[in-house]
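Q: Please take a close look at one loop residue of this structure, with its place, its backbone and its exposure. I am new to this structure, so please then lead me from there to the other parts that deserve attention.

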Amino acid sequence: MKLYNTLTRQKEEFKPVTPGEVRMYSCGPTVYNYFHIGNARPFIIFDTLRKYLEYRGYKVTFVQNFTDIDDKMIKKANEEGITVKELGERFIAEYFKDAKGLGIKEATVHPKATENIDAIIELIKKLEEKGFAYNVDGDVYFNTKKFKEYGKLSHQPLEALEAGARIDVNEQKRDPMDFALWKKQKPGEPAWESPWGMGRPGWHIECSAMANKYLGTTIDIHSGGQDLIFPHHENEIAQSEAANEAPFANYWLHNGYINVDNQKMSKSLNNFFTVRDVAKEYDYEVIRFFMLSAHYRNPINFSKDLMEQAKSGLERMYTCLDNLEFFKQNAQDRAMNEQEMELASRLNKYKENFIAAMDDDLNTADAIAAMFEMVREINANITATSNSSVVIIEFAANLLKELGNVLGILQKSQQNSLNAEIEELIAKRQQARKEKNWTLADSIRDQLKEMGIVLEDTPQGVKWRKV
């Protein structure tokens, strides 16, 4: 498997530190609001990478943090008249609701910054002892000039980063590019005891400390959105490598931006959508499928037209699975014949194409294309009149679900999910057709359509699907 490493700017063969095991850290949300579709992309992409690594037999330890103390959280909590802890707990719960809807598997560990203050303080002390950190009246800063490789992730020398960065004017810092490791308590802010007085951690040190604590000194993969390359991930590298004198992460993966109707997503343009907003119009699974329909490093454009395409594409796959389930009811109970064995061989070829795409820097777009080719092959060869065996039908369905499972899709079953009222209407329509009462039969069909159920009369009986 090859992955594009932001650190080296090239695709590299993936070789974990410990054969057969992967230690992976992915930056999680700052929990002051529902997460938006821009946040959803890395959550979905790197969940998919984790699922794929597990599919390929790796034991994956996946850590995704919650930033539950920072300036935005303090501001929002003050506005609402609640504690930062209460705000954090509320939006951590809301995160899990949306993540579950999107098919995102819970991390091996979901550490919170506020529950790892001791580890954060220990790391800052280590940096101070080694001369990389300095205390100015309770505020502790990292000395970027002392870390000679600063800028190696963003591929910019320190001077260029300094020229292009928005830097807070701060008389206390020795250098404008130095960043806070520990912030002295201000009135009304949450704070913890430390060797430098009451205060709270800076954002960057939180991730370094948690990655260090739960995954060790050198991890295999660190991932996040492209916007985190500088300063967040650059600062994580500086802190971690200065403290531990070892590489922090061997592979750095970053996903591209999301635009909305070809414009950058921003609150000022009123094109800023939370996943919760979008899920009111589109199923969560459609959102996931949409995110996987482009290569993760490319920018992706969010629009109604593209969401409709994603919905339509996902429906094609589900229709294929529903047809197979329906055909199985009257299928022949026998071994595969020669023609079916050839079909199975062709379907396996699409699986190989899927794996080749995923091995090539997690190319989910090409992996989905391989699944659509598989669907076309199935639709052409397993039909209501093909007299297929149960074995080939189950083989095709299981293979499609297996690949879907890697992408976190196609796991819902429509079969046996009708409520009693709908089942009764379908039965009444069947009776009306037997009695040649076409007016009643058509009326019931229209009624069911309004309820989101479309009927199809086949030689094997009536087939239904949800729309």
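A: N262 sits in the loop that runs between β11 (258-260) and β12 (263-264). The model examined here is a predicted one. N262 is not a glycine, yet its phi is positive, at about 65 degrees. With a relative accessible area of 65%, N262 is exposed, because that value is over the 50% cut-off.

A positive phi is also found at N387, again a residue that is not a glycine, and there the angle is about 50 degrees. N387 belongs to the loop between α12 and α13. Another backbone feature is the cis peptide bond between F230 and P231, with omega at about 5 degrees. P231 is part of helix α7, which covers residues 229-244.

The loop of N387 leads to the helices on either side of it. Helix α12 covers residues 364-381, and its 18 residues at 1.5 Å each should span 26 Å; the C-alpha atoms at its ends are 26 Å apart, so the expected and the actual span agree. The buried residues of α12 are T364, A367, I368, A370, M371, F372, M374, V375, E377 and I378. Among the elements that cover them are α1 (37-55), α9 (284-292) and α10 (304-328), together with α11 (338-359) and α13 (390-407).

Two of these covering helices also pack against one another. Two packed helices are described by the angle between their axes and the distance between the axes. For α11 and α13 the angle is about 5 degrees and the axes are 10 Å apart. The two helices are therefore roughly parallel, as the angle is under 35 degrees. On the side of α11, the contact is made by E340, L343, A344, L347, N348, K351, F354 and M358. On the side of α13, I392, F395, A396, L399, E402, L403, V406 and L407 take part. Sorted by class, this contact has 12 nonpolar residues, one polar residue and three charged residues.

Several residues named so far return around T48, whose place is in helix α1. T48 has a relative accessibility of 0% and therefore counts as buried. Leaving aside residues up to four places away in sequence, T48 touches R288, L292, M358, T364, V406 and L407. M358 of α11 and V406 and L407 of α13 belong to the contact between those two helices, while T364 is one of the buried residues of α12. The C-alpha atoms of T48 and E89 are 26 Å apart, although the two residues are separated by 41 places along the chain.

R288, which T48 touches, leads to the charged pairs. Side chains of opposite charge can pair when their charged atoms come close. Across the whole structure, a search finds 33 salt bridges. In one of them, the side chains of R288 and D47 meet at 2.7 Å, N to O. This pair joins distant parts of the chain, with R288 in helix α9 and D47 in helix α1, 241 residues apart. R288 is buried at a relative accessible area of 0%, and D47 is buried at 1%.

A second link between distant parts is the salt bridge of R276 with D98, at 2.8 Å, N to O. R276 lies in helix α8 (residues 275-278) and D98 in helix α3 (residues 84-101), 178 residues apart. R276 counts as partly exposed at 21% relative accessibility, whereas D98 counts as buried at 1%.

The side chains of E80 and K76 form another salt bridge, at 3.8 Å, N to O. These two residues are four residues apart in helix α2 (residues 71-80), so about one helical turn separates them. E80 counts as partly exposed at 34% relative accessibility; K76, at 17%, counts as buried.

A network of salt bridges links D71, K183, E189 and R200. R200 is also touched by W192, a residue in the loop between β7 (179-184) and β8 (199-201). The other residues that W192 touches, not counting those up to four places away in sequence, are I69, T114, I117, W182, G197, M198, G199 and P201. At 23% relative accessibility, W192 counts as partly exposed. W192 and F326 are 134 residues apart in sequence, and their C-alpha atoms are 61 Å apart in space.

How values were computed:
Residues numbered from 1 in each chain as written. Predicted model: local features only at pLDDT ≥ 70, side-chain atom pairs only at ≥ 80, totals over all residues. Heavy atoms only, no water. Expected span 1.5 Å × (residues − 1). Buried < 20%, exposed > 50% of the residue type's maximum accessible area, 1.4 Å probe, protein only. Contact = heavy atoms within 4.5 Å. Axes fitted to C-alpha atoms, helices over the stretch in contact; angles between N-to-C directions. Parallel < 35°, antiparallel > 145°, perpendicular 65-115°, else oblique. Nonpolar A, V, L, I, M, F, W, Y, C, P; charged D, E, K, R; others polar. Salt bridge = Lys/Arg side-chain N within 4 Å of Asp/Glu carboxyl O.
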